[in-house]
Amino acid sequence: MIRKTLSVIAVALAVGVLSNLITRWEMGDPSPATKETVLAELRGSDPYAHALLRDSSEAEQILQEFKDTKSVQAFEKHIGTVAEQIGLPALRKADDETAIRAAKKYKNLFETLAKLDRAACAAFMSDEGASKVVQKPEVKPVYYLLSDALLVAYESGKSGTLKSTLDPDTAMSILTDHLSILETDEVDIANPTQCETFIKIYDVDRVPEDVRATYSRYVIAGAPG
């Protein structure tokens with residue numbers, strides 16, 4: 001479930017921005033599908049997705065395919081792959097402060113979704129609904145702060161060293177003993193009550209201080225492999 005969340009975060013607002021580009025192209029906007037053009041669109045709205053495309057050696061190919069096919073689904077798949085290849089490995093090496101901050105921003109996002117509409121989490125976690133949810137005026141600024149926090153963590157991790165990771169038993173112990181997560185809470189990400197589950201998962205202030213940073217890296221980047 002956590003890995004699914006990370007995949008959605010990497011593309012949600014970026015997909016909305018790129019969908020707007022499609023609309024403009026169809027209306028005759030001559031803006032080329034260059035790396036620079038799309039990065040300029042993303043820079044002020046989705047800093048983390050901007051950084052992933054900026055640093056990807058496959059960006060030009062991905063963006064040209066997007067311009068040629070106007071396939072949002074293909075873009076989602078490609079940028080998700082980029083996140084797996086360069087984003088998550090860097091986040092796993094993020095320094096303690098930035099990892100904890102990013103995890104807290106996740107919590108803020110799910111709290112916002114829960115207040116907006118208990119079905120918003122289910123929509124956010126769907127393959128087609130995320131970009132629409134994050135465009136809502138109540139959600140967009142909160143999502144931006146998360147994306148910015150992920151960018152800072154990503155940048156810290158690019159030059160960081162590999163940090164210790166949580167083994168499955170320790171991770172489960174934290175979830176059940178400190179965050180009141182039941183195994184049944186992780187069964188169905190399409191369940192509208194999942195907002196409450198995600199709020200618990202990212203409530204890192206309740207995690208013991210000696211493993212808080214390690215746990216934060218786990219929930220913002222997942223486990224390797």
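**View 1. A salt bridge between R101 and D148.** In this predicted model, local features need pLDDT of at least 70 and side-chain atom pairs count only at pLDDT 80 or more, while totals for chains, interfaces and linings use all residues. Residues are numbered from 1 along each chain as its sequence is written, and side-chain values use heavy atoms, with hydrogens and water left out. R101 pairs with D148 in a salt bridge whose closest N and O atoms are 3.8 Å apart; the term covers a side-chain nitrogen of Lys or Arg within 4 Å of a carboxyl oxygen of Asp or Glu. Distant parts of the chain are linked here, as R101 sits in helix α6 and D148 in helix α9, 47 residues apart. (Helices are DSSP runs of H or I with at least four residues, strands are E runs of at least two, and both are numbered from the N terminus.) R101 is partly exposed at 33% relative accessibility, and D148 is partly exposed too, at 22%. For these labels, buried is under 20% relative accessible area, exposed is over 50%, and partly exposed is in between, with a 1.4 Å probe and protein chains only.

**View 2. R217 of helix α12 reaches D96 of helix α6.** The closest N and O atoms of this salt bridge are 2.8 Å apart. R217 belongs to α12 (residues 209-221) and D96 to α6 (residues 96-116), so to speak a long-range link, with the two positions 121 residues apart. The two partners sit in unlike surroundings: R217 counts as buried at 6% relative accessibility, whereas D96 counts as partly exposed at 41%.

**View 3. Helix α3 packs on helix α9.** Take α3 (residues 47-55) and α9 (residues 140-158): they pack at an angle of about 40°, and their axes are 7 Å apart. That makes α3 oblique to α9. On this scale, under 35 degrees is roughly parallel, over 145 roughly antiparallel, 65 to 115 roughly perpendicular, and the rest oblique. The axes are lines fitted to C-alpha atoms, for helices over the stretch in contact, and the angles run from 0 to 180 degrees between N-to-C directions. From α3, the residues in contact are P47, Y48, A49, A51, L52, R54 and D55; from α9, they are Y144, S147, D148, L150, L151, Y154, E155 and K158. Sorted by type, the residues of this contact come out as 9 nonpolar, 1 polar and 5 charged. Nonpolar here is Ala, Val, Leu, Ile, Met, Phe, Trp, Tyr, Cys and Pro, charged is Asp, Glu, Lys and Arg, and the others, Gly among them, are polar. Contact itself is heavy atoms within 4.5 Å.

**View 4. R54 and E155 bridge α3 and α9.** Their closest N and O atoms are 2.6 Å apart in a salt bridge. With R54 in α3 and E155 in α9, the pair ties together parts that are 101 residues apart in sequence. R54 is partly exposed, with a relative accessible area of 31%, and E155 is partly exposed at 30%. Zoom out a little: R54, D55, E155 and K158 are linked in a network of salt bridges. The whole structure has 9 salt bridges.

**View 5. Helix α9 and its buried residues, S156 among them.** The 19 residues of α9 should span 27 Å at 1.5 Å a residue, and its end C-alpha atoms are indeed 27 Å apart; the expected span is 1.5 Å times one less than the number of residues. Buried residues of α9 include V142, Y143, L146, A149, A153 and G157. S156 is buried as well, with a relative accessible area of 18%. Leaving aside neighbours within four places in sequence, S156 is in contact with K93, A94, D95 and T98.

**View 6. H50 in helix α3.** H50 lies in α3 and counts as buried at 10% relative accessibility. Not counting residues up to four places away in sequence, H50 touches L39, L42 and R43.

**View 7. I199 in helix α11.** I199 is found in α11 (residues 194-201) and is buried, with a relative accessible area of 19%. Its contacts, leaving aside neighbours within four places in sequence, are K107, F110, E111 and A114. From I199 to A114 is 85 residues in sequence and 9.0 Å in space, C-alpha to C-alpha.
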